[in-house]
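Trainee: Let's slow down and look closely at a single part of this one. Start at the front end, please, then take me on to whatever you think deserves a proper look.

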Amino acid sequence: VAKDGPENYYLLKASGTSMNKAGINPGDTVLIRRQNAYDEGDRVVAVIDEQATIKKLHKGKGAIVLAPASTDDTHQPIITSEAAICGVVVCTVPSLSAS
């Protein structure tokens with residue numbers, strides 16, 4: 001159990017390939033810690049238009065950049081001031097069905 005309390009953690013099941021270079025693959029389970037402050041380059045969960053996404057956080061003036069880490073060039077950074085950051089990635093548990 002986490003030392004700051006289990007209520008500060010939750011699990012997400014990953015889908016898509018936007019973070020495969022960061023070791024987060026489709027079907028993986030991702031442990032997320034709720035916190036109020038985030039550092040440059042943290043892998044975060046952001047909610048945009050009621051959709052959750054995991055990306056690398058970069059801070060800009062008046063906006064944030066949510067950058068993918070993918071082998072697939074179709075994934076592009078999201079530049080927004082409207083995202084709600086809901087936690088930081090602690091670790092990833094690979095899917096048992098991963099090949």
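Mentor: Okay, front end it is: Gly-5 sits in the segment before β1. Keep in mind that this is a predicted model. Gly-5 counts as buried because its relative accessible area is 11%, and the cut-off for buried is under 20%. For a sense of scale, take Gly-5 and Thr-74: they are 69 residues apart in sequence, and their C-alpha atoms are 38 Å apart in space.

The part I'd zoom in on is β4, residues 51–59. On one side of the story there's β3, residues 43–48, which runs antiparallel to β4 and is joined to it by six bridges. If you want a specific pair to click on, Val-44 has Lys-55 in β4 as its bridge partner. The hairpin of β3 and β4 has two residues between the strands, and Asp-49 there takes a positive phi near 50°.

Now follow β4 the other way, to β5, residues 64–67. That pairing is antiparallel too, over four bridges, and here His-58 stands opposite Val-65 in β5. This second hairpin has four residues between its strands, with Gly-62 at a positive phi near 80°.

β4 also matters for the empty space. The largest pocket has a volume of about 240 Å³. Its lining has 13 residues, and Ala-14, Ser-15, Ala-52, Thr-53 and Ile-54 are the ones nearest the centre. Both β1 (9–13) and β4 supply at least two lining residues, but β4 gives the most, with four. By type, the lining splits into seven nonpolar, four polar and two charged residues.

Ile-54 and Ala-14 turn up again when you look at the packing. Both belong to the largest nonpolar core, a set of 10 residues that also takes in Tyr-10, Met-19, Ile-24, Val-30, Ile-32, Val-45, Ala-69 and Val-89. A separate core of nine residues lies apart from that one, and it includes Tyr-38, Val-44, Leu-57 and Val-88. So Val-44, the bridge partner of Lys-55, is in this nine-residue core. As background, nonpolar side chains in soluble globular proteins tend to be buried together.

To finish, pick Val-30 and look at its surroundings. Leaving aside neighbours within four places in sequence, Val-30 is in contact with Ile-54, and also with Tyr-10, Leu-11, Leu-12, Ala-14, Ile-24, Val-89, Cys-91 and Thr-92.

Methods: Residues numbered from 1 in each chain as written. Predicted model: local features only at pLDDT ≥ 70, side-chain atom pairs only at ≥ 80, totals over all residues. Heavy atoms only, no water. Pairing = 2+ DSSP bridges. 1 Å grid on protein atoms, 1.4 Å probe; cavity = no way out; pocket = protein on both sides within 12 Å on 5 of 7 lines; lining within 4 Å. Points joined across faces, edges and corners; volume = space filled by probe spheres on them. Nonpolar A, V, L, I, M, F, W, Y, C, P; charged D, E, K, R; others polar. Core = buried A, V, L, I, M, F, W, Y, C linked by side-chain atoms within 4.5 Å. Buried < 20%, exposed > 50% of the residue type's maximum accessible area, 1.4 Å probe, protein only. Contact = heavy atoms within 4.5 Å.
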